[in-house]
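Trainee: Please give me a close look at one part of this model, its inside, and then at what lies around that part. I am new to this, so please explain each term when you use it.

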Amino acid sequence: MREFKSATGKTYLTISHDKKNRWIYNNWTGYVSTDNVKVGSTSFLEVLQQTGCAFTLIDNRELVGPWDQSLEWIKNEWVPAAKKVGLRFYAHVVNKDTFAEAAALQMQDFVKGEFEMRVFYSMPDAQEWLQQQMSVPI
């Protein structure tokens with residue numbers, strides 16, 4: 001497991017490889033800066049590459065503030081890199097009606113054709129969808 005802390009010492013991201021379910025789990029919490037998003041997302045790519053996982057579960061239920069200031073970087077830098085290391089299925093869980101939800105929905109629009117991304121409002125729904133994708137040929 002990898003854990004990332006802000007300049008104030010608060011954890012904003014944990015990344016773990018869920019071997020049982022065969023996906024990478026990212027838990028984002030609190031407020032994140034653009035630098036936090038870049039550092040955490042780049043490390044996530046390293047974990048994807050090391051594990052060879054094609055599935056990920058992103059948990060933004062405890063994310064407080066917006067991360068839309070990072071969308072341009074995600075679109076231009078991160079998405080192509082994620083596709084290159086083999087990301088195929090990206091389940092993103094958010095709290096409805098938050099700034100984080102709006103950014104996730106924007107991201108979902110621009111990843112089309114790169115990998116499959118879905119936004120969910122419940123963890124069980126996201127997990128079920130990922131499990132269903134396990135039968136899709138990679």
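Mentor: What follows starts with the core, goes on to the helix pair and some single residues, and ends with the charged pairs.

This is a predicted model, so local features need pLDDT of at least 70 and side-chain atom pairs count only at pLDDT 80 or more, while totals for chains, interfaces and linings use all residues. Residues are numbered from 1 along each chain as its sequence is written, and side-chain values use heavy atoms, with hydrogens and water left out.

Start with the core. In soluble globular proteins, nonpolar side chains tend to be buried together. A nonpolar core here is a set of buried Ala, Val, Leu, Ile, Met, Phe, Trp, Tyr and Cys residues joined through side-chain atoms within 4.5 Å. Buried means under 20% relative accessible area, exposed means over 50%, and partly exposed is in between (1.4 Å probe, protein chains only). The largest such core has 33 residues, and those with the most contacts inside it are Trp67, Ile74, Trp78, Tyr90, Met107 and Phe115. At least two residues of this core come from each of E2, E3, H1, strand E4 (55-63), H2, H3 and E6. In these labels, helices (H or I, at least four residues) and strands (E, at least two) are DSSP runs, numbered from the N terminus. H2 gives this core its largest share, 6 residues. There is also a second, separate core of 13 residues, which includes Phe55, Ala91, Trp129 and Leu130.

Tyr90 shows how residues of the core are surrounded. Contact means heavy atoms within 4.5 Å. With neighbours within four places in sequence left aside, Tyr90 is in contact with Thr56, Ile58, Trp78, Met107, Phe115, Glu116, Met117, Arg118 and Trp129.

Next comes the helix pair. Two packed helices are described by the angle between their axes and the distance between the axes. Helix H2 (residues 71-84) and helix H3 (residues 99-110) have axes that come within 10 Å and cross at roughly 35°. Axes are lines fitted to C-alpha atoms, for helices over the stretch in contact, and angles run from 0 to 180 degrees between N-to-C directions. The crossing of H2 and H3 is right-handed; a crossing is right-handed if the near helix is turned clockwise from the far one by less than a right angle, and left-handed if anticlockwise. On the H2 side, the contact is made by Leu71, Ile74, Lys75, Trp78 and Val79, and on the H3 side by Ala103, Gln106, Met107 and Phe110. By class, the contact has 7 nonpolar, 1 polar and 1 charged residues. For this count, Ala, Val, Leu, Ile, Met, Phe, Trp, Tyr, Cys and Pro are nonpolar, Asp, Glu, Lys and Arg are charged, and the others, Gly among them, are polar.

Some residues outside the nonpolar list are buried too. Ser41, in helix H1, counts as buried because its relative accessibility is 10%. Not counting residues up to four places away in sequence, Ser41 touches Trp28, Trp73 and Trp78. Asn26, in strand E3, is also buried, at 2% relative accessibility. Among its contacts beyond four places in sequence are Leu13, Phe44, Leu57 and Asp59.

Asp59 leads on to the charged pairs. Side chains of opposite charge can pair when their charged atoms come close. A salt bridge is a side-chain nitrogen of Lys or Arg within 4 Å of a carboxyl oxygen of Asp or Glu, and by this rule there are 6. In one of them, Asp59 meets Arg61 at 2.8 Å, N to O. Asp59 is buried, because its relative accessibility is 0%, whereas Arg61 is partly exposed at 35%.

Another salt bridge joins Arg2 to Glu46, with the closest N and O atoms 2.9 Å apart. This pair links distant parts of the chain, with Arg2 in strand E1 (residues 2-5) and Glu46 in helix H1 (residues 34-51), 44 residues apart. Arg2 is partly exposed at 24%, and Glu46 is partly exposed at 39%.

A further salt bridge returns us to H2. Lys83 pairs with Glu114, and their closest N and O atoms are 3.6 Å apart. Lys83 is in helix H2, while Glu114 is in the loop between H3 and strand E6 (116-120), 31 residues apart. Lys83 is partly exposed at 39%, and Glu114 is partly exposed at 33%.
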